[in-house]
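Here is a short tour to read with the model open in your viewer. Take the topics in any order you like.

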Amino acid sequence: MTKTAVVTGASSGIGAATARRLAKEGFQVVAAARRRDRLDDLAAEHPGIVPMTLDVTSQESVDAFNAAVPTVDVLVNNAGGAVGLEPVAYGLLDDWRQMYEVNVLGTLRMTQALLPKLVSSGDGVLVMLTSVAGLVSYEGGGGYCAAKHGQTSMTETLRLELVGEPVRIIEIAPGMVETEEFSLNRFRGDAEKAAKVYQGVPDPLTADDVADVIAFAVTRPAHVNIDRLVIRPRAQAAQHKLHRV
């Protein structure tokens with residue numbers, strides 16, 4: 001029987017790459033995001049991808065999505081993002097609120113909605129796409145780090161609360177990944193500033209690199225849980241240690 005995987009934030013970047021990769025692995029993938037036009041283009045690439053409109057910041061949208069998906073074997077909570085690099089002392093409340101709404105509360109809404117179906121599947125897999133920002137804080141990252149720390153804490157708590165249930169709780173924490181939109185959104189559309197983040201870094205991770213790791217984690221035998229997998233490019237030894245040429 002074909003298993004169903006839900007991927008949030010699937011309209012671009014890691015989410016889109018994960019949808020493609022899981023479809024190639026034989027899953028029926030429900031690709032979920034706000035931008036339906038992008039989802040339709042993604043679905044046109046592979047018959048195993050089903051596009052569905054979803055706004056994880058809206059309980060009404062999440063409830064409607066849940067009602068439309070009868071069974072779920074894998075949930076990849078990928079929807080997220082960063083806005084701004086101001087110090088905490090000057091951080092904009094709206095930016096912090098937006099990051100918390102998507103990264104933390106959006107993840108909570110989707111997890112609460114689909115968890116019963118993951119349990120009912122008999123071998124559910126819940127993937128939290130967090131970040132090394134959820135493990136190590138850095139200057140200018142106060143709001144994003146706070147949100148990702150919250151998501152990481154939620155992951156750890158779920159694993160404790162669901163022990164004994166047929167659900168694996170997996171955290172994938174990427175370091176530097178160069179995608180089309182992450183830094184662009186963080187710098188509010190300033191392409192020049194966004195490009196400088198990756199300037200001189202040989203071979204940052206790609207969305208496909210992260211999707212490859214997610215596919216590996218969710219296709220392990222049912223008794224194998226990848227608690228946390230940190231993935232960085234070779235040029236990034238730690239959060240503050242990058243090799244540039």
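How many aromatic pairs does the count come to? The count comes to 1 aromatic pair. Please keep in mind that this is a predicted model. The points below begin with that pair and then move on to strand 1, helix 1 and a loop residue.

**The aromatic pair**
- Tyr144 and Phe182 make up the pair, with 5.7 Å centre to centre and 65 degrees between the planes. Planes over 60 degrees apart count as edge-to-face, and this pair is edge-to-face.
- Tyr144 belongs to helix 5 (residues 142-161) and Phe182 to helix 6 (residues 182-186), so the contact ties together parts that are 38 residues apart in sequence.
- The two partners can be described separately: Tyr144 has a relative accessible area of 6% and is buried, while Phe182 has 27% and is partly exposed.

**Strand 1 and its neighbours**
- Strand 1 covers residues 4-8, and 5 of its 5 residues are buried.
- Side chains in a regular strand alternate between the two faces of the sheet. Here Thr4, Val6 and Thr8 point one way, Ala5 and Val7 point the other way, and all are buried.
- On strand 2 (residues 28-33), 5 bridges link up with strand 1, and the two run parallel. Val6 has Val30 as its bridge partner there.
- Between strand 1 and strand 2 the chain passes through helix 1 (residues 13-24), giving a right-handed β-α-β crossover.
- Strand 4 (residues 74-77) also runs parallel to strand 1, joined by 3 bridges. In strand 4, Val6 is partnered by Leu75.

**Helix 1**
- Of the 12 residues in helix 1, 9 are buried, so the helix is largely enclosed by the rest of the structure. Among them are Gly13, Ile14, Ala17, Thr18 and Leu22.
- The length of helix 1 is easy to check: at 1.5 Å a residue, its 12 residues should span 16 Å, and the end C-alpha atoms are 17 Å apart, which agrees.
- After helix 1 comes Gly26, and the phi of Gly26 is positive, near 105 degrees.

**A loop residue to look at**
- Where does Ala89 sit? Ala89 is in the loop between strand 4 and helix 4 (93-120).
- Is Ala89 buried or exposed? Its relative accessibility is 68%, so Ala89 counts as exposed, the cut-off for exposed being over 50%.
- Ala89 and Gly140 are 51 residues apart along the chain, and their C-alpha atoms are separated by 9.9 Å.

Key: Residues numbered from 1 in each chain as written. Predicted model: local features only at pLDDT ≥ 70, side-chain atom pairs only at ≥ 80, totals over all residues. Heavy atoms only, no water. Buried < 20%, exposed > 50% of the residue type's maximum accessible area, 1.4 Å probe, protein only. Helix = DSSP H or I, 4+ residues; strand = E, 2+ residues; numbered from the N terminus. Pairing = 2+ DSSP bridges. Right-handed = clockwise from strand over helix to strand, strands pointing away. Phe/Tyr/Trp six-rings, centres within 6.5 Å; stacked < 30°, edge-to-face > 60°. Expected span 1.5 Å × (residues − 1).
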